[in-house]
Amino acid sequence: MKKLRCVKGMHDILPEDISKWHYIENSFRALVGRYRYEEIRTPILEPLDLFIRGIGETTDIVEKEMYAFSDKGNAQLALRPEGTASVIRAFLQNNLDSISTISKLYYIGPMFRRERPAKGRYRQFYQAGAELIGVEEPSADAEIIAMAVHFVETLGIENVTVQINSLGDEDTRPRYRQALVEYFSKLQDNLCTDCIRRLDTNPLRILDCKVTGCAKAGAEAPSVLDFLTRDSSQHFEKLQEYLSLYNISFNVAPGMVRGLDYYTRTIFEIQGAGELLGAQSTIVGGGRYNGLVKQLGGRETPTIGFAFGIERLLLLLGEGANHLKSNFAFVAGVGNGDVTRAIIVAEQLRRSGINVDVPYKQGSLRAQLKRADKSGAVVAIIAGEDEYCRNAVTLRNLKTGEQQEVHLDTLAEKIRELM
RNA sequence: GUGAGAAUAGUUCAAUGGUAGAGCCCCGGCUUGUGGUGCCGGUUGUUGCGGGUUCGAAUCCCGUUUCUCACCCCA
């Protein structure tokens, strides 16, 4: 029979890696908790329309990457490709604004995009993110960026850069886009074929192109910052002052663009360096989306947030986080009634809060100790016929090989000393 | 959606047109109540799948599937 495998672009997270996932998730929860953000969990399946309206009909995500389908009742559904739209939907549906004018929410969970898989990119991948809803002031932008930066720092990931930019208000983007098209159209001979196509599809991306001709042309291109309104410009200035307050170094990257339509004013990315990430460099992305709540049927509500990809963090994390496995003991039974005796002793220890493995099947003591050693147990308890008559077992330290006979009453205590 | 590379034992990899092999892992023994190191022995394959060339194909050719990486775009 053909071997079953999981769906393309999806992956299993195995026990040997899970401690890193816990480490990342726990660190994230602890960090955003300190800023008083609270967790929200939303369904993975949402009405298709939520993402079309929220993310934008012409974005790559909606146009060609969405897992969209109709169910047996003919409802149009989609697996969520990102977290923000769902959080805002839940915010509106549950009238969270009636509880407080400011909502601070975070989420962790799987997202789905039907792309061609590559290093650091999956069709089901995990994101964790935070949203600060209801604050217009640049202090909110700064807090969001600071949390993201501090989080990456907490994990011990180095060599990252913070890129920030402002896309201005709703009217800025079309005017700027127009200006870029006019500018690059005159220089078409210098552009690569990709960028000539981008002239139609996404002229902002030309600024990101690494081909020398394009980079040269891009250097003289008009800057989005010159198209900002006075308010947006001041907002951006103020943000940079706040970031200094948080002690965060950053680059202003006027060429940076983001893939979702809903962004206004501040956008930012944290990028990792080196080959660990493959062709991917963005590990955290975020920005402000003042129009989104209204777009989804609420009243105009300023909002800013970020999300990061857990798999990408994992690529940068290395082996650092794998020390979290908890120690455990192994009970071996010997002599008449060996397995039953092992189970009785094991169960007594578990009730005292110790993690214990048992051999399940009869075997020589040698075989049992071998198994104990391979499984990584720190101590072995030999529940032998002889010592059990004295209400005792043999406690063996598997690191040093030292062993002693211990009475059952003090066994748990002695084991704790060794673990 | 486009392009490139890969696919042989559970795993890592050999075998350059002539009998499919090794290390590791696993299991057993040396050691009947003492693991790790050592020694001895053992299990394991439609060479991804389908076709073609050939006396003969893991090897050459065509197709196909899957994986990986890159483009596009993004976390």
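This section describes the surface around RNA strand B and three helix–helix contacts in a predicted model.

The surface near RNA strand B comprises 50 residues, of which Arg113, Arg121, Arg258, Gly259 and Leu398 come nearest to the strand. On the RNA side, sugar and phosphate make up 50% of the atoms of RNA strand B that come within 4 Å of the protein. By class, 24 residues of the surface near RNA strand B are charged, 13 are polar and 13 are nonpolar.

Several secondary-structure elements contribute to the surface near RNA strand B. At least two residues each are supplied by the helices H7 (193–201), H14 (365–375) and H15 (385–388). The strands S6 (124–133), S10 (282–288), S14 (379–384) and S15 (392–397) likewise supply at least two residues each. The most is given by H14, which provides six residues of the surface near RNA strand B.

Individual polar contacts to RNA strand B involve both its phosphate and its bases. A polar backbone atom of lysine 119 is placed 3.2 Å from a phosphate oxygen of RNA strand B. For aspartate 373, the group involved is the side chain, with a polar atom 2.7 Å from a base nitrogen of the strand. Aspartate 373 falls within the range of H14 (365–375). The side chain of glutamine 403 also has a polar atom facing a base nitrogen of RNA strand B, at a distance of 3.0 Å.

Helix packing was examined for three pairs. Helix H1 (residues 15–34) and helix H12 (residues 310–317) have axes 11 Å apart and pack at an angle of about 110 degrees. H1 is therefore roughly perpendicular to H12. The crossing of H1 over H12 is right-handed. From H1, the residues in contact are Lys20, Trp21, Tyr23 and Ile24, and these meet Ile310, Glu311, Leu313, Leu314 and Leu317 of H12. Seven residues of this contact between H1 and H12 are nonpolar and two are charged, with no polar residue.

Helix H6 (residues 172–185) packs with H7, their axes coming within 10 Å and crossing at roughly 145 degrees. H6 passes H7 with left-handed geometry. Arg177, Val181, Phe184 and Ser185 of H6 are in contact with Leu199, Asp200 and Thr201 of H7. The residues of the contact of H6 with H7 comprise three nonpolar, two polar and two charged. H7 is also one of the elements that supply residues to the surface near RNA strand B.

In the third pair, helix H5 (residues 138–154) and helix H10 (residues 230–245) cross at roughly 45 degrees, and their axes come within 8 Å. H5 and H10 are therefore oblique to each other. The crossing of H5 with H10 is right-handed. H5 contributes Pro138, Ser139, Asp141, Ala142 and Ile145 to the contact, while H10 contributes His235, Lys238, Leu239, Tyr242 and Leu243. By class, the contact of H5 with H10 has six nonpolar, two polar and two charged residues.

Methods:
Residues numbered from 1 in each chain as written. Chains lettered and ligands numbered in written order. Predicted model: local features only at pLDDT ≥ 70, side-chain atom pairs only at ≥ 80, totals over all residues. Heavy atoms only, no water. Near = heavy atom within 4 Å. Polar contact = N/O pair within 3.5 Å; in protein donor to acceptor, adjacent residues only side chain to side chain. Helix = DSSP H or I, 4+ residues; strand = E, 2+ residues; numbered from the N terminus. Nonpolar A, V, L, I, M, F, W, Y, C, P; charged D, E, K, R; others polar. Axes fitted to C-alpha atoms, helices over the stretch in contact; angles between N-to-C directions. Parallel < 35°, antiparallel > 145°, perpendicular 65-115°, else oblique. Left-handed = near helix turned anticlockwise from the far one by under 90°. Contact = heavy atoms within 4.5 Å.
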